[in-house]
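Please open the structure in your viewer and keep the selection tool at hand. The tour proceeds from one selection to the next.

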Amino acid sequence: TGAITIDPGYKNSGSCKSEITFLDGELGILRYRGYSIEELAESADFLEVSYLLIFGELPTTEQLEKFENDIKKHSLVNEEMKSIIDGFPKTAHPMGVLSSLTSALTAFNPKSVNVDNEKEMYEAICKTIAKFLVIATWTYRKSMGYPLNYYDNTQGYVENFMQLMFKLPTQPYKASEVVINALDKLFILHADHEQNCSTSTVRMVGSSHAGLFASISAGVSALWGPLHGGANQAVLEMLEEINKDGGDTDKFLAKAKDKNDPFRLMGFGHRVYKNFDPRAKIIKKAANEVLGTLGVEDPVLEIAKKLEKAALEDEYFKARNLYPNVDFYSGIIYRALGIPTDMFTVMFAIGRLPGWIAQWKEMRENKEPIGRPRQVYTGHPLREYKSKK
Ligand code: CMC
């Protein structure tokens with residue numbers, strides 16, 4: 001074997017070839033299967049984009065209908081899963097519960113672990129898309145002490161998210177068009193982002209031929225961190241703190257620049273985008289529109305705009321090419337839709353699910369080898385064992 005090159009954080013190492021997502025960080029371009037994110041976010045719906053990512057082409061009406069129906073068929077979650085949920089304290093973070101529940105799905109659907117042919121793979125995919133949405137909302141219902149809701153087969157996938165979250169036992173629930181369109185857009189914008197931390201995790205775990213649920217569960221854990229998907233919760237908490245503190249954005253900007261202070265401007269900076277994040281542009285516009293249409297006045301939106309403007313004019317941020325990322329404005333929309341702050345990263349996970357699945361499927365179909373990086377050992381040379389007991 002030759003010399004080993006180390007690349008901490010894989011800043012400049014490719015792990016695979018992929019046909020799914022194209023990203024140009026210099027030009028701020030993002031495309032799913034060749035379609036621009038701007039067009040998809042504007043006109044497509046989430047299951048259509050999920051199909052596109054997973055199967056490579058936009059679905060025809062019949063294909064999409066079949067896909068939706070196959071998802072519906074698998075929307076029941078084993079009742080025994082509820083006793084697992086009951087074991088968590090109400091205060092548990094929904095992402096931790098979601099990761100555990102996703103992993104637990106393996107126990108109730110053991111057939112989904114071995115996917116030796118296209119049919120089995122398709123079934124595992126539909127099961128994951130259906131059940132993940134249900135358990136994601138159950139993490140919230142449980143934390144509130146509310147009875148759990150079930151998938152309503154008369155409603156669409158995104159509509160179902162809202163009724164699963166908010167339906168009261170005695171009343172019918174129908175989400176408004178504005179809300180559904182906003183969620184469709186947000187989920188589409190989060191649906192894939194090539195080899196990011198959680199997706200690389202899904203591919204890595206899946207490369208040992210662990211099942212889909214186990215791989216996705218690992219992806220949820222990776223996404224939870226504040227440097228990744230957890231940033232959307234952190235952004236809102238930061239904006240609220242600035243608001244409580246009197247709205248002094250300069251003070252927080254100074255903290256973010258201070259190298260002795262671990263504080264970072266959450267929702268700013270990106271490993272790959274060094275000019276702008278195209279998703280952030282779309283989300284900022286959507287935040288203005290959604291809050292305007294719903295008639296929501298939220299002081300943190302003004303603080304976010306003020307903070308963004310100040311950071312973009314600041315030498316520190318300019319020199320490091322730090323721009324708002326997808327997480328900067330998304331939480332403001334979630335909040336306007338009534339979604340609690342600690343569910344924001346779960347929203348990201350629901351959106352990213354088709355991307356994780358598509359990447360896992362590609363990895364399996366390409367028969368990629370097990371992921372196993374090398375290292376350069378820097379510890380002790382051989383030493384003689386002398387007990388210190
Ligand atoms: N606030 C202040 N300084 C920053 C920030 C920030 N948000 N982001 C990067 N920097 C500085 C960093 O200190 C470093 O400075 P120096 O060169 O003087 O040491 C320089 O910019 C480069 O940063 P890095 O940490 O080496 O860059 P990275 O590619 O390893 O990290 C990042 C990328 C996204 C983790 C980072 O920008 C960050 O921590 N941002 C805040 C968290 C966040 O918003 N994450 C969401 C990412 S986007 C979507 C997602 O994955 O969820």
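Select the shell around the ligand in this predicted model. By class, this shell comprises eight nonpolar, eight polar and four charged residues. In total, 20 residues surround the ligand, and the closest are Ala231, Arg264, Gly269, Arg271 and Asn325.

Next, select His270 and Asp327, the positions that the UniProt annotation "active site" covers in an unreviewed entry. These two residues span 58 residues in sequence, yet their C-alpha atoms are no more than 10.6 Å apart, so they gather at one spot. To place His270 along the chain, display the loop between helix H12 (249-257) and helix H13 (278-294), where His270 lies.

Now select helix H11 (residues 231-244) together with helix H16 (residues 327-336). The axes of H11 and H16 come within 8 Å and cross at roughly 75 degrees. Because angles of 65 to 115 degrees count as roughly perpendicular, H11 is roughly perpendicular to H16. On the H11 side, display Ala231, Asn232, Gln233, Val235 and Leu236; on the H16 side, display Asp327, Phe328, Ser330, Gly331 and Arg335, since these residues make the contact. By class, the contact of H11 with H16 divides into four nonpolar, four polar and two charged residues. Two residues selected earlier reappear in this contact, namely Ala231 and Asp327: Ala231 is among the closest to the ligand, and Asp327 is covered by the "active site" annotation from UniProt.

Move on to helix H5 (residues 94-108) and helix H6 (residues 118-144). Their axes come within 9 Å and cross at roughly 140 degrees, which makes H5 oblique to H6. The crossing in which H5 passes H6 is right-handed. From H5, select Pro94, Val97, Leu98, Leu101, Thr102 and Leu105; these meet Lys131, Phe132, Ile135, Ala136, Thr139, Tyr140 and Ser143 in H6. The residues of this contact divide into nine nonpolar, three polar and one charged.

Keep H5 selected and add helix H10 (residues 212-224). H5 and H10 pack at an angle of about 170 degrees, with their axes 7 Å apart; the two helices are therefore roughly antiparallel to each other. H5 contributes Met95, Leu98, Ser99, Thr102, Ser103, Leu105 and Thr106 to the contact, and H10 contributes Phe213, Ala214, Ile216, Ser217, Val220, Ser221 and Trp224. Which classes are represented in the contact of H5 with H10? It divides into eight nonpolar, six polar and no charged residues.

As a last selection, display Leu98, Thr102 and Leu105 of H5: these residues meet H6 and also take part in the contact with H10.

Methods:
Residues numbered from 1 in each chain as written. Predicted model: local features only at pLDDT ≥ 70, side-chain atom pairs only at ≥ 80, totals over all residues. Axes fitted to C-alpha atoms, helices over the stretch in contact; angles between N-to-C directions. Helix = DSSP H or I, 4+ residues; strand = E, 2+ residues; numbered from the N terminus. Parallel < 35°, antiparallel > 145°, perpendicular 65-115°, else oblique. Left-handed = near helix turned anticlockwise from the far one by under 90°. Contact = placed C-beta atoms within 7 Å. Nonpolar A, V, L, I, M, F, W, Y, C, P; charged D, E, K, R; others polar. Near = placed C-beta within 6 Å. UniProt positions renumbered as here; feature names shortened; annotations may be inferred.
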